[in-house]
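Hi there,

Here is the structure I promised to pass along. Please have a look at it first, and then read my notes underneath.

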Amino acid sequence: MIQFVRYVPMVAALGARVILAVQESLLPLLLKMPGISQCVPVAEASELAGVDVQCPIMSLPLAFRTTLATIPAPVSYLPAPDPDRIQLWQERLGTPEKLLIGLVWSGNPNHLDDHNRSIPLRMFSSLLREDAAFISLQKEPKAEDKAVLQEASGIVDLSGLLADFADTAALISCLDLVITVDISVAHLAGALGCPTWTLLSYTPDYRWLLDRDDRVWYPRMRLFRQRERRDWREVIDQVGDALRQRIVARASSPPVSSDDRVILRRFNSTTGGLPSVAGGNVRRPS
């Protein structure tokens, strides 16, 4: 939903009156999505009268005959997070003295591919020792990760204050970077225009294509891929190298206040355009 809702304004531009049916947890995030006349829970969609055409959100790229060269990829396309929610997070975070990084390491354990995409938190221990402030965006961590999270001194757990995706969006807007595995937060951060580093398994979801770290869907996202199945160590080492470079670059730049960070992100959200992309293939699981 988060990835392909970018097509909704395009549907509206054709003259349609768009009613968007979404999961309950996404309602606060998408109520003000440009191009829609109404946003309703999926459970209520069957009760709507006078609907002429229905289209699953993931079929819109096909309906618009999307190719790699025509993927609509503005820097940001979601409604701006609620200013009051942003202010609350800014007050909780205080004045940042280090790079503020959101971290997500695990997905829904019931997902069929979760054993490939999720990473034990203990594997991030070297990353958490870097000179940065890590904020956990992880909802419902697994039991073994909870123990590591409680003992880790390099990460602050604010996930208990995240009631819905709108809360998460407001928190992300206060961060410098999000590092995440392939779950909804990756798409949320990317769609908000937040710099995002996404860690991908050797055989990722087809939407990420193969053998590229460019920004086909999200202009401010960088992809870190496994080169060997189940080998996350090399991926995390690559992330660590990139993070150290970013920390050094930040240290040599003038400080940016949290208010300025939000203003810059809103400014960036007004810019857009299509990325330069090349062809790609889909790797099939063996």
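Below is what I found, starting with the sheet and moving on to the helices.

Please keep in mind that this is a predicted model. It contains an open sheet of 6 strands, paired in parallel and ordered β5-β4-β3-β6-β7-β8. The edges are taken by β5 (155-157) and β8 (221-225); each has a single partner strand, so one side of each has no neighbour in the sheet. From one strand to the next, the twist averages 25 degrees.

If you would like to look at the β5 edge, its parallel pairing with β4 (residues 133-136) is made through 3 bridges. S136 has D157 in β5 as its bridge partner.

Next, the helices. Helix α11 (residues 232-251) lies across β3 (100-104), β4, β6 (177-181), β7 (196-200) and β8. Relative to β7, α11 runs at about 165 degrees.

There is also a helix pair to look at. Two packed helices are described by the angle between their axes and the distance between the axes. For helix α9 (residues 165-172) and helix α10 (residues 184-192), the angle is about 55 degrees and the axes are 10 Å apart. That angle makes α9 oblique to α10. The crossing of α9 past α10 is right-handed.

Which residues meet where α9 and α10 are in contact? From α9 they are F165, T168, A169 and I172, and from α10 they are S184, V185, L188, A189 and L192. Of the residues in this contact, 7 are nonpolar, 2 are polar and none is charged.

Happy to go through any of this with you.

Best wishes

Conventions. Residues numbered from 1 in each chain as written. Predicted model: local features only at pLDDT ≥ 70, side-chain atom pairs only at ≥ 80, totals over all residues. Heavy atoms only, no water. Axes fitted to C-alpha atoms, helices over the stretch in contact; angles between N-to-C directions. Helix = DSSP H or I, 4+ residues; strand = E, 2+ residues; numbered from the N terminus. Parallel < 35°, antiparallel > 145°, perpendicular 65-115°, else oblique. Left-handed = near helix turned anticlockwise from the far one by under 90°. Contact = heavy atoms within 4.5 Å. Nonpolar A, V, L, I, M, F, W, Y, C, P; charged D, E, K, R; others polar. Pairing = 2+ DSSP bridges.
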